[in-house]
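Here's a quick tour of one model, from a helix end through a sheet to the core. Have a look at the structure first.

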Amino acid sequence: MEKGQRRLTMHRRIGKDEERSYLEVPFHLEGRVERIDVSYRYEQSGAEAVVDIGLCSPDGIVGWSGGARASFFVGTELATPGYLARPIIEGEWAVLLGAYKIPADGTMVTVDVVLTEPHERWMKGDLHMHSVHSDGRYTIESAKASCAARGLDFMALTDHNTLSQNQSALVPDERLLLLPGVELTSYFGHANVYGAPEALRDFRVTTPEGAKAELGDIRAKGGFVSLNHPFCPSCPWELGFDLPYDAIEVWNGPWRALNEHAVAWWQEQLAAGRRLIALGGSDTHAEDRFVKHGRPTAAVRTDTGTAQGVLDSIRRGRVVLSFDPDETFLNLTSGAYGVGDQMPRAEIDGTGAIPLVIDVEGARGDHVTLWSDRGIEAAWHIAASAEVPAKAWEADVSDGGWVVQREIAALRELGAPAMTAAAAMGTSAVHVPAAEAPDGRVRLRFEGKADRLFYRLEARRDGASTAQSVMTCLTNPLYIEREVE
Ligand SMILES: [Zn+2]
């Protein structure tokens, strides 16, 4: 049983005399439930038994899979094909049974119903990709299949200046939540709009004034605006930053110089007291050795497994970016507060200490740094355990594929401040012995101070045979409420 789940097991004996009738196994549903999983089995004693199944809500039949499936689920936005995804209402529900073929001595049917309540979880997704609806090669179906194969929970189809991909993707999927999106793409910069892509009225913004008006209008209509790859060499954001927007895409595709630039710029903004959400997305257009769905992955802390829940959490900055879906994952908490939250003044005691807890997963030889408005406050080296095999992308970095090779060359030319992860470590580094993180999982603690504006985390790993480190994980800040002067 996972968190927030309860199971009901019910039995129904079906007699020969009930053959070719429809039966109900009722159950009462109370409180908030976001998903119902149903599975069933029945005895096959001698003669063939065939019992069909379906589900009925207080509002009527939700779906019927006959004898085709042994299990199915219905959720608020996702459902097994053949069942309707919709908000789950309280009241009298029933598992429907169809007594199609029943042996002479009857059969015993066991039905398991698992009810999942809303609960906090991290959902992983890709916030930036293209399909055949603009200049991508992926169809909607092949993009969905690729995202699902990469282990993602949600995806945003952000085709250039069009909404048709969102309309084509409306049929609920079994696995992936779809965040409606569009990439405003002009000759002077790109910006993703999430949640209400139809709020984009006209993409032809060519001046800072025009961008101000258009982005302001989008936000007034409920759209969430992220300025994309602002320091991209070929298509940077050239319309200024004195604009209405919510987020900045600091991590576009594989880790490269443009991302290094964007993170440095973002840190400057944060240090100046600005609160700006950092997002990332793969910008995948076609199958590629380096550019892949979920590279980077945006992990979002949400209470409900719905597109709306994911969007609400993105608006709150509850986002952690990772190089790949199964790469290093960092979480930063202090008591009940986490990434994207603000620690209220009232929660801070007279000592002004902010006890920080840093959870690290999947790290192997990563350098974890804790940042505030003053720069790096602490650094840890998470030693790799010998048994953990190298990830494919690490081999790619060293064997010279063109994208990474080109970008690493560019990064070298840039003279980036953090050429290697070790160089990025501060003097207060605390080394964690390998024995403490045999599976890459470790909990670190740090005593933060209430006079900081925020704390956030980064993890980097040095390439096997390059002078360049790759960002493996980056969290949004945990903010500290400012003292009223
Ligand atoms: Zn773009």
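Glycine 317 comes after helix H5 and has a positive phi, near 75°. Helices here are DSSP runs of H or I with at least four residues, strands are E runs of at least two, and both are numbered from the N terminus. This is a predicted model, where local features need pLDDT of at least 70, side-chain atom pairs count only at pLDDT 80 or more, and totals for chains, interfaces and linings use all residues. Residue numbers start from 1 along each chain as its sequence is written.

H5 itself covers residues 307-315, and its buried residues include Val310, Leu311 and Ile314. Buried means 20 or more other C-beta atoms within 10 Å of the residue's own, with C-beta atoms placed from the backbone.

Now the sheet: 4 strands make an open, antiparallel arrangement in the order S1-S8-S3-S6. Its edge strands, listed below, each pair on one side only. Pairing takes at least two DSSP bridges between two strands.

| Edge strand | Residues |
|---|---|
| S1 | 5-14 |
| S6 | 71-75 |

S1 and S8 (residues 107-116) run antiparallel over 10 bridges, with histidine 11 opposite threonine 110 in S8.

As for the core, the largest nonpolar one has 114 residues. Such a core is a set of buried Ala, Val, Leu, Ile, Met, Phe, Trp, Tyr and Cys residues joined through C-beta atoms within 7 Å. Helix H4 (residues 257-271) gives the largest share of this core, 6 residues. Val368 is among the residues with the most contacts inside the core.

Key
A residue is buried if 20 or more other C-beta atoms lie within 10 Å of its own, exposed if 12 or fewer, and partly exposed in between; C-beta atoms are placed from the backbone.
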